[in-house]
Amino acid sequence: MSDAERGRTRRRGRNETEEERADRMWQELIQEVRVAQMGVQILFGFLLTVVFTPTYATLSDTDQTIYIVTVMLGACATGALIGPVALHRLVSGRLIKPQAVQWASRLTLLGLLLLLATTSASLLLILRVASHDGFVPYLVAGVVCWYLLCWFGWPMWTRHRHTTR
């Protein structure tokens, strides 16, 4: 039996059809997206109000640039994390749920990366305004490393540890 044939016949721990698996994975993905969407939408909402405060006019050009980049990242993260819902709605009933789940999963991962960038840029701006100290980039780098560890490092380690033989 070839490796490809073993891959097709190998059990995945559940006795389900491809469509049943896609349905289950879709439900799991949507639950995950709900958590991320709420976070990015709240953050994005707060970011949108900053430009209308009196303090915005006193920000340095660098801080205003960081703000604009942060808002753009937040807008992109919001789009990517809402994308799976639009994808599902537009392809629903077309008998391509397994493919839709794959694309929705990719959009969600992209949304998480954009959320990481948005959160990091927001933190950079806030700490620059709050402290004006040279250690701010190091603090932000530390938080970025923590996010990378929590969001990607531990999950990938767990995936590798428990799914490879």
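# A guided tour of the helices and their salt bridges

E16, R24 and E28 are joined to one another in a network of salt bridges. The model in the viewer is a predicted one, and this network is a suitable place to begin.

**First stop: the network around R24**

Select E16. This residue is found in the loop that runs between α1 (3-9) and α2. E16 counts as partly exposed, because its relative accessibility is 26%. Keep E16 selected and add I68 for a sense of scale. The two residues are 52 apart in sequence, and their C-alpha atoms are 47 Å apart in space.

Next, select R24 together with E28. These two residues form a salt bridge in which the closest N and O atoms are 3.2 Å apart. Both belong to helix α2, where they are four residues apart, about one turn of the helix. Is R24 buried, exposed or partly exposed? With 22% relative accessibility, R24 counts as partly exposed. Its partner E28 is partly exposed too, with a relative accessible area of 37%.

**Second stop: salt bridges between helices**

How many salt bridges does a search of the whole structure find? The search finds four. Select K97 and D23 to see one that joins two helices. The closest N and O atoms of this salt bridge are 2.9 Å apart. K97 belongs to helix α4 and D23 to helix α2, so that the pair links distant parts of the chain, 74 residues apart. K97 is partly exposed at 26% relative accessibility, and D23 is partly exposed with a relative accessible area of 36%.

Now move to R128 and D63. They form a salt bridge with 2.5 Å between the closest N and O atoms. Here too distant parts of the chain are linked: R128 is in helix α4, D63 is in helix α3, and 65 residues separate them. The two ends of this salt bridge fall into separate classes of exposure. R128 is partly exposed, with a relative accessible area of 29%, whereas D63 is buried, with a relative accessible area of 6%. The class of D63 follows from the cut-off, because buried means under 20% relative accessible area.

**Third stop: how the helices pack**

Display the helices as ribbons and select α2 and α4. Their axes are 9 Å apart and they pack at an angle of about 25 degrees. That angle makes α2 roughly parallel to α4, because angles under 35 degrees count as roughly parallel. The crossing of this pair is left-handed.

Replace α2 with helix α3 (residues 61-91), keeping α4 in view. The axes of α3 and α4 come within 8 Å and cross at roughly 160 degrees. The two helices are therefore roughly antiparallel. Which hand does the crossing of α3 and α4 have? The crossing is left-handed.

Then select helix α4 (residues 97-131) with helix α5 (residues 136-163). This pair packs at an angle of about 155 degrees, and the axes are 9 Å apart. As a result, α4 and α5 are roughly antiparallel to each other. In this pair, α4 passes α5 in a right-handed crossing.

**Fourth stop: two loop residues with positive phi**

The loops on either side of α4 deserve a closer look. Most residues other than glycine have a negative phi. Select L95, which lies in the loop between α3 and α4. L95 has a positive phi of about 60 degrees, although it is not a glycine. At 82% relative accessibility, L95 counts as exposed.

Continue to H132, in the loop between α4 and α5. What is the phi of H132 near? The value is near 55 degrees, which is positive in a residue other than glycine. H132 is exposed, with a relative accessible area of 66%.

**Last stop: a nonpolar patch**

Finally, switch to a surface display and select M38, I42 and F46. These three residues make a nonpolar surface patch of about 350 Å². One of them, F46, is located in helix α2 (residues 18-50). F46 is exposed, with a relative accessible area of 56%. The tour thus ends on α2, the helix that also holds R24 and E28.

Methods. Residues are numbered from 1 along each chain as its sequence is written. This is a predicted model: local features need pLDDT of at least 70, side-chain atom pairs count only at pLDDT 80 or more; totals for chains, interfaces and linings use all residues. Side-chain values use heavy atoms; hydrogens and water are left out. Patches are made of residues with over 30% relative accessible area and no salt bridge: like charges are joined within 9 Å, nonpolar side chains (Val, Leu, Ile, Met, Phe, Trp, Tyr) within 5 Å. Accessible areas come from the Shrake-Rupley method with a 1.4 Å probe; for residues, only the protein chains shown count as cover. A salt bridge is a side-chain nitrogen of Lys or Arg within 4 Å of a carboxyl oxygen of Asp or Glu. Buried means under 20% relative accessible area, exposed over 50%, partly exposed in between (1.4 Å probe, protein chains only). Axes are lines fitted to C-alpha atoms, for helices over the stretch in contact, and angles run from 0 to 180 degrees between N-to-C directions. Angles under 35 degrees count as roughly parallel, over 145 as roughly antiparallel, 65 to 115 as roughly perpendicular and the rest as oblique. A crossing is left-handed if the near helix is turned anticlockwise from the far one by less than a right angle, and right-handed if clockwise.
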